[in-house]
Amino acid sequence: MNDHIYQAPREWTRLHPVSPLLGGWAFFGILLAYWIHNQLPAWVDGGDEQWAFFDQFPLLWLIGAAALAFAITIGISVWQWRRTEYRIGDDAVYLRQGIVTRQQRQARLDRLQAVDVVQPLLARVFGFAAITVQVAGGDKAGVALKFLRLGDAEALRNEILALAAGITAGDDAPVTAGAEPAPASSTGLRDHLAERTQALRDPEALLAGRERVRTAVAAAEEREVYRVPVGRLIGSIVLSGPALTLASVPVIAVGVALVAHVDVLGVLLAVVGTSLVAIVTALAALLGFFWSRLNGGFGFTAGISADGLRLRHGLTETRRQTVPPGRVQAIRLHQPWLWRRRGWWRITINVAGYGVDDQSTDTVLHPVATREEALRAVWLVLPDLGDPDPAGTLGRAMHGAGDEGGFLASPESARRVDPFQWRFRGVRATERALLIRRGRWEKELFVVPHERTQSLALSQGPLRRALGLANVEVHSTAGTVRPVAAHLAVDDAIALLDAQAARAREGRRRQSPEQWMRAVGLETGA
Amino acid sequence: MSWYDNAAAPWIPVSRRLITARLTRLWVVTGLLIVGGVVGAAVTGEAWVLTVPLALAAIGGWLTWIIVRQVTAHAWAEGDEDLLVRRGRMFRSVTVVPYGRMQFVDVKAGPLDRMLGLATVQLHTASPGTDASIAGVPADEAARLRDRLTTRGEARLAGL
């Protein structure tokens, strides 16, 4: 039981020995889900054929077979764990794994986009965490280390961030100026258990993701910027499209019954009887939506630190994300029409390496923001909007119409293709970012920093051509944000394309270096 | 035509041999179907079956016209900082790709393309939305273009 300071391994090292036990359960879950999925129609029909197969074996055999399957799974997991090793170098995180095909992967720190500490439920109860390092360059370019002790994972994350920031490490662990060297986390088993008992005694802290962990490498100091109250989160889920759909089903049924005098119960039973599987699937999808919104947004906290943006959230699975400065490629503010009265916005971001589908929990900057918080969230990503009146400009971008406030609006001919929202479409470039607005009832705003523009496109089909309109697309990295400025007058669109290409060029020239601490001259060499 | 005119660099049209390549591909398939239709008509002895190959021929003719129009509209321009790709007539688009955003360049050529001495040059950025492929570049020019793009990309390479 020695108190050694946790050092991120420079030599090939295995992950924590408990990993196979933490990871293997997902496999069982999938197996069980698959089995239930297959069994479902049989249960509904009440047919016993499926069970007849099992009936021919004595119970003991079945238990034996289950135990064998369990042992094999654990065995494979352990084998996988033995073959998985990682190390960090000054310029990359290396991982090698695989039983049959060996795979070695390196995540180059100069291409680092984000580092997440993820704790699925089981890992969280026992105080373990996985680290995922997202790097630019392709779909599967990231490295995931599952699992480490929570304290070690945090320390490793801090060290990776310090290296990526350009703080060169000597023999000692780099210590941020002014911060006390925190005590070691990688202590003995007894201390670990004591720590876990303490954590379990205070479940509030555990659930809110506020649990303090002692790390060897101090985390960059963090200042909280906003926190999402649970009440508002639940309100936002209640006021969502799927919830409305779910609520409208009985209303429509009763309405139909009153108007058409149909035997509702009979019809209902018939429908349920014939398409139970479809109904269960649809319900599962709806519940999945609610769950992902609740789980992803629970206890959502955003903060700012020298290492960049820090996001923490999660009900059962917690995720602590660190996105270094300048890694956010684009922002989307979205207001579904049900949220309009409340003035709420859902804010998602594009970060290279993060999820691309709309329900991914890692791309959310704010699950449900008030107007004030939305402005603050944009500020968090883009501290300098390059506009003398950022709040006013963003306000007009969120709520304005027409060409008020210097926005480039769609011409009247756009009415023919876009009758409802053509007056609400608008584009405006500040010195640092492009703002694209649309929507009358359901509002949407894109913010793309000029230096993050990948490429641009101008496009026009026969209909738009007849009306003298064109679209300008701004290509961002893969993600949930896909900005398009639609239905601009052709001349405006061409001018915008040229101007935007020039602004992007200017932005790239001004771009901060990848090693963000070097940018501000905070070099702490060894 | 008030469409995008690039003042910085001249548009370089793609090779007209691309028309040959695309038409060959089109007419091999359509021709086989037409022959099939004619044989079908001969076997069944019904005159109305002949409408099938006739319709196919008409569609083929229409597609031929589209291919000719598309290929003649396809062009690229190498600006000082960006590569521009123009394509399409009915659904037309111009893509502007800064050299500094280029992640890698693909040069592809199928058997037919190789026979005609053509290649497709495609630029990839970090965005899946970037559609910057230039079809029908003469093979030797494609290699030179790739080298030029790579050099310029390296010179202006920006982070993500």
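This is a guided tour of a predicted model with a chain A and a chain B, stop by stop, for you to follow in your viewer.

**Stop 1: chain A as a whole**

Start by selecting chain A and colouring by confidence. Its pLDDT averages 81, and 79% of the residues score at least 70. Two stretches deserve a cautious eye. In residues 169-186 of chain A the pLDDT stays under 50, and the model has 45 contacts there beyond four places in sequence. Residues 520-526 of chain A also have a pLDDT below 50, with 11 contacts in the model beyond near neighbours in sequence.

Now switch to a cartoon view. Chain A holds 17 helices and 21 strands. Of its 526 residues, 39% are buried. Among contacts in chain A with a separation of 6 or more, 63% link residues that are 24 or more positions apart.

**Stop 2: strand 12 of chain A**

Select residues 328-335 of chain A, which form strand 12. Is this strand enclosed or open to the outside? Strand 12 is largely enclosed by the rest of the structure, because 7 of its 8 residues are buried.

Next, add two partners to your selection. Strand 13 of chain A, residues 345-351, runs antiparallel to strand 12 and is joined to it by 6 bridges. To find one of these pairings, pick A:Val328 and look across to A:Val351, its bridge partner in strand 13. Strand 18 of chain A, residues 443-449, is also antiparallel to strand 12, with 5 bridges between them. Here, pick A:Arg332 and you will find A:Phe446 of strand 18 standing opposite.

**Stop 3: where the chains meet**

Bring chain B into view. At the interface, 26 residues of chain A are in contact with 26 residues of chain B. On the chain A side, the elements giving two or more residues are strand 19 (455-460), strand 20 (469-475) and helix 16 (490-510). Which of the elements gives the largest share of that side? Select helix 16 of chain A: with 7 residues, helix 16 makes the largest contribution. If you colour the chain A side by residue class, you should find 12 nonpolar, 9 polar and 5 charged residues.

Then move to strand 19 of chain A and show strand 4 of chain B, residues 92-98, with it. These two strands run antiparallel across the chains, joined by 5 bridges. Pick A:Ala457, and its bridge partner in strand 4 of chain B is B:Thr95.

For a single residue at this stop, select A:Gln511, in the loop between helix 16 and helix 17 (516-519) of chain A. This residue counts as partly exposed because it has 18 C-beta neighbours inside 10 Å, while 20 or more would make a residue buried. Beyond its neighbours within four places in sequence, A:Gln511 is in contact with A:Glu451, B:Ala158 and B:Gly159. For a sense of scale, draw a distance from A:Gln511 to A:Thr370: they are 141 residues apart in sequence, and their C-alpha atoms are 31 Å apart.

**Stop 4: helix 2 of chain B**

Select residues 51-73 of chain B, which make up helix 2. You can check its length yourself: at 1.5 Å a residue, its 23 residues should span 33 Å, and its end C-alpha atoms are indeed 33 Å apart.

Show side chains for B:Pro53, B:Leu56 and B:Val71, which are buried in helix 2. The cover over the buried residues of this helix includes helix 1 (17-44) and strand 7 of chain B.

Now compare B:Ile59, also in helix 2 of chain B. B:Ile59 is partly exposed, with 13 other C-beta atoms within 10 Å. From B:Ile59 to B:Ala21, which lies 38 residues away along the chain, the C-alpha distance is 18 Å.

**Stop 5: a sheet in chain B**

Finish with strand 7 of chain B, part of the cover over helix 2. Strand 7 belongs to an open sheet of 3 strands in the order 5-6-7, with antiparallel pairing. Select 104-108 for strand 5 and 132-138 for strand 7: these are the edge strands, and each pairs on one side only. The twist from one strand to the next averages 20°.

Last, add strand 6, residues 118-124 of chain B, which is antiparallel to strand 7 and joined to it by 5 bridges. Pick B:Gln122 and look across to B:Ser133 in strand 7, which stands opposite.

Note on methods:
Residues are numbered from 1 along each chain as its sequence is written. Chains are lettered from A and ligands numbered from 1 in the order in which they are written. This is a predicted model: local features need pLDDT of at least 70, side-chain atom pairs count only at pLDDT 80 or more; totals for chains, interfaces and linings use all residues. Two strands pair if DSSP finds at least two bridges between them. Helices (H or I, at least four residues) and strands (E, at least two) are DSSP runs, numbered from the N terminus. Axes are lines fitted to C-alpha atoms, for helices over the stretch in contact, and angles run from 0 to 180 degrees between N-to-C directions. Two residues are in contact if their C-beta atoms, placed from the backbone, lie within 7 Å. Ala, Val, Leu, Ile, Met, Phe, Trp, Tyr, Cys and Pro count as nonpolar, Asp, Glu, Lys and Arg as charged, and the others, Gly among them, as polar. The expected span of a helix is 1.5 Å times one less than its number of residues. A residue is buried if 20 or more other C-beta atoms lie within 10 Å of its own, exposed if 12 or fewer, and partly exposed in between; C-beta atoms are placed from the backbone. pLDDT is the predictor's confidence in each residue, from 0 to 100.
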